[in-house]
Amino acid sequence: MKSINEYTIATIGSHSALQILKGAKDEGFKTILICPRGREKLYKQFGIADEIILINDYKEIMDIQEELRSKNAIFIPHASLLEYVGLENIEKFTVPYFGNKNILSFESDREVERKWLLDSGLKVPKVFPESKDIDRAVIVKFHGAGGGKGYFLAKDEHDFKKKLQPHPKKKYTIQEYVIGVPMYMHFFYSPITGELEIMGFDKRYESNVDSLGRISARDQMALPSVDPSYVIVGNVPVVVRESFLPAILEMGEHVVEQSKKLTSRGLWGPFCLESIMTPEGDTYVFEISARIVAGTNPYSHGSPYTWIKYDEPMSNGRRIAREIKIAIESDQLDKILG
Ligand code: ADP
């Protein structure tokens with residue numbers, strides 16, 4: 001039997017690195033943190049990295065591939081990789097990688113992602129290709145890494161045009177604004193057991209939209225400008241009404257099944273369906289993240305769901321390491337590296 005001692009788990013120092021490396025250590029792996037210079041003090045404080053490789057720029061990860069390979073590293077991706085290293089580089093990255101790289105292009109193209117969700121039988125918010133067709137409240141999202149900055153709401157075409165003026169030349173999507181509550185659903189699909197696990201839920205804490213309710217409508221009218229923005233600053237754990245869980249599990253299963261039709265081997269590991277749940281009981285999924293999301297960070301010791309299933313601390317980071325460990329010990333690494 002192969003031993004996990006021959007391997008190390010590596011990730012970039014950002015996003016969900018704390019729970020990823022903590023989880024890896026809990027499973028008995030040695031760990032490497034690829035750390036943007038200046039953040040090492042923070043990460044050292046938590047004792048989760050056996051080794052720290054300092055980088056000045058995220059893209060330098062491309063220059064240390066040989067070193068990582070020589071240490072038998074298995075790399076765990078998170079959002080910072082996609083955002084700062086970029087899809088083109090990730091595709092060329094030769095270090096063993098947890099997850100399916102092919103799926104990344106599906107989630108980074110809004111049109112393809114939308115088709116994936118629709119073909120999975122999920123409800124998605126209506127998209128208006130042209131502003132003249134706007135017939136209800138819409139949210140206008142700019143493309144690229146803006147992190148929700150500058151997104152705006154509009155009630156009709158006139159309002160849309162007025163609010164678009166400060167953003168000339170930017171690419172955007174006009175989407176129906178669904179009124180309900182945001183719900184971010186965390187799943188883990190194991191290609192080894194074939195089971196989809198519900199890992200937990202969160203809602204985001206976004207500035208300034210989550211504070212607008214603290215300013216009365218009267219005071220908002222008196223202020224010079226209170227446009228909402230959706231810049232994420234944190235995540236809040238949520239437990240879902242239990243009777244909704246069967247449908248949520250089914251949604252996740254359909255997304256995994258459909259992913260296998262999109263690309264060979266499909267989606268595996270952690271992923272998240274980002275949704276709005278309405279009072280009518282409808283769930284509209286507006287985005288999928290095909291990797292670990294920061295919304296799992298409140299659960300560094302497990303969520304209410306993983307506690308019931310595992311009876312031991314099981315963060316998403318640890319669940320990834322557990323999957324790798326099982327794969328190594330049963331000689332199935334090819335099933336989980338992409
Ligand atoms: P990002 O580009 O940062 O991922 P999101 O697409 O997640 O941005 O959206 C930012 C915010 O807008 C989130 O609070 C989300 O809940 C909300 N939101 C996104 N799409 C819709 C929609 N169609 N209807 C209502 N709220 C939405």
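This briefing covers the ligand site, the two sheets, the helices packed on one of them, and some local backbone features. The model is predicted. The ligand has 19 residues around it, and the protein buries 91% of the 550 Å² that the ligand exposes when taken alone. One open sheet has four strands with parallel pairing; another has five strands with antiparallel pairing.

**Ligand site**

- Lys141, Tyr151, Glu176, Val178 and Glu206 come nearest to the ligand among the 19 residues around it.
- Tyr151 places a polar side-chain atom 2.4 Å from an oxygen atom of the ligand.
- Two backbone contacts involve ligand nitrogen: a polar backbone atom of Glu176 is 2.9 Å from a nitrogen atom of the ligand, and a polar backbone atom of Val178 is likewise 2.9 Å from a nitrogen atom of the ligand.
- Taken alone, the ligand exposes 550 Å², of which the protein buries 91%.
- By residue class, the shell around the ligand holds ten nonpolar, three polar and six charged residues.
- At least two residues of this shell come from each of β5 (138–142), β7 (172–176), β8 (181–189), β9 (196–208), β11 (269–277) and β12 (283–289).

**Parallel four-stranded sheet**

- Strands of a sheet pair through backbone hydrogen bonds, either parallel or antiparallel.
- The strand order in this open sheet is β3-β2-β1-β4, and the pairing is parallel.
- At the edges are β3 (51–55) and β4 (73–75), each of which pairs on one side only.
- From one strand to the next, the twist averages 25°.
- β1 (residues 8–12) pairs with β4 in the parallel sense over three bridges.
- Ala10 has Phe75, in β4, as its bridge partner.

**Antiparallel five-stranded sheet**

- The order of the five strands is β10-β9-β8-β11-β12, in an open sheet with antiparallel pairing.
- β10 (230–238) and β12 are the edge strands; each has a single partner strand, so one side of each is left without a neighbour in the sheet.
- The twist here averages 35° from one strand to the next.
- β8 and β11 run antiparallel and are joined by nine bridges.
- Met185 has Leu273, in β11, as its bridge partner.
- Four strands of this sheet order, β8, β9, β11 and β12, are also among those that each supply at least two residues of the shell around the ligand.

**Helices on the antiparallel sheet**

- Helix α10 (residues 245–262) lies across β8, β9, β11 and β12, and runs at about 100° to β9.
- Helix α12 (residues 316–329) packs on the sheet and touches β8, β9 and β11; the direction of α12 makes about 20° with that of β8.

**Local backbone features**

- Most residues other than glycine have a negative phi, and most peptide bonds are trans.
- The peptide bond from Ser207 to Asn208 is cis, with omega near 5°.
- Asn208 belongs to strand β9, and Asn208 is also one of the residues in contact with Pro228.
- Arg265 is not a glycine but has a positive phi of about 75°.
- The position of Arg265 is in the loop between α10 and β11.

**Pro228 and its surroundings**

- Pro228 sits in the loop between α9 (217–222) and β10.
- Beyond its neighbours within four places in sequence, Pro228 is in contact with Tyr151, Leu153, Asn208, Val209 and Leu212.
- Val209 and Pro228 are 19 residues apart in sequence, while their C-alpha atoms are 5.0 Å apart in space.
- Tyr151 links two topics: a contact of Pro228, Tyr151 also has a polar side-chain atom 2.4 Å from an oxygen atom of the ligand.

Notes. Residues are numbered from 1 along each chain as its sequence is written. This is a predicted model: local features need pLDDT of at least 70, side-chain atom pairs count only at pLDDT 80 or more; totals for chains, interfaces and linings use all residues. Side-chain values use heavy atoms; hydrogens and water are left out. A residue is near a molecule or strand if one of its heavy atoms lies within 4 Å of it. A polar contact is a pair of N or O atoms within 3.5 Å; within protein, one must be able to donate a hydrogen and the other to accept it, and residues adjacent in sequence count only if both atoms are side-chain atoms. Accessible areas come from the Shrake-Rupley method with a 1.4 Å probe; for residues, only the protein chains shown count as cover. Ala, Val, Leu, Ile, Met, Phe, Trp, Tyr, Cys and Pro count as nonpolar, Asp, Glu, Lys and Arg as charged, and the others, Gly among them, as polar. Two strands pair if DSSP finds at least two bridges between them. Axes are lines fitted to C-alpha atoms, for helices over the stretch in contact, and angles run from 0 to 180 degrees between N-to-C directions. Contact means heavy atoms within 4.5 Å.
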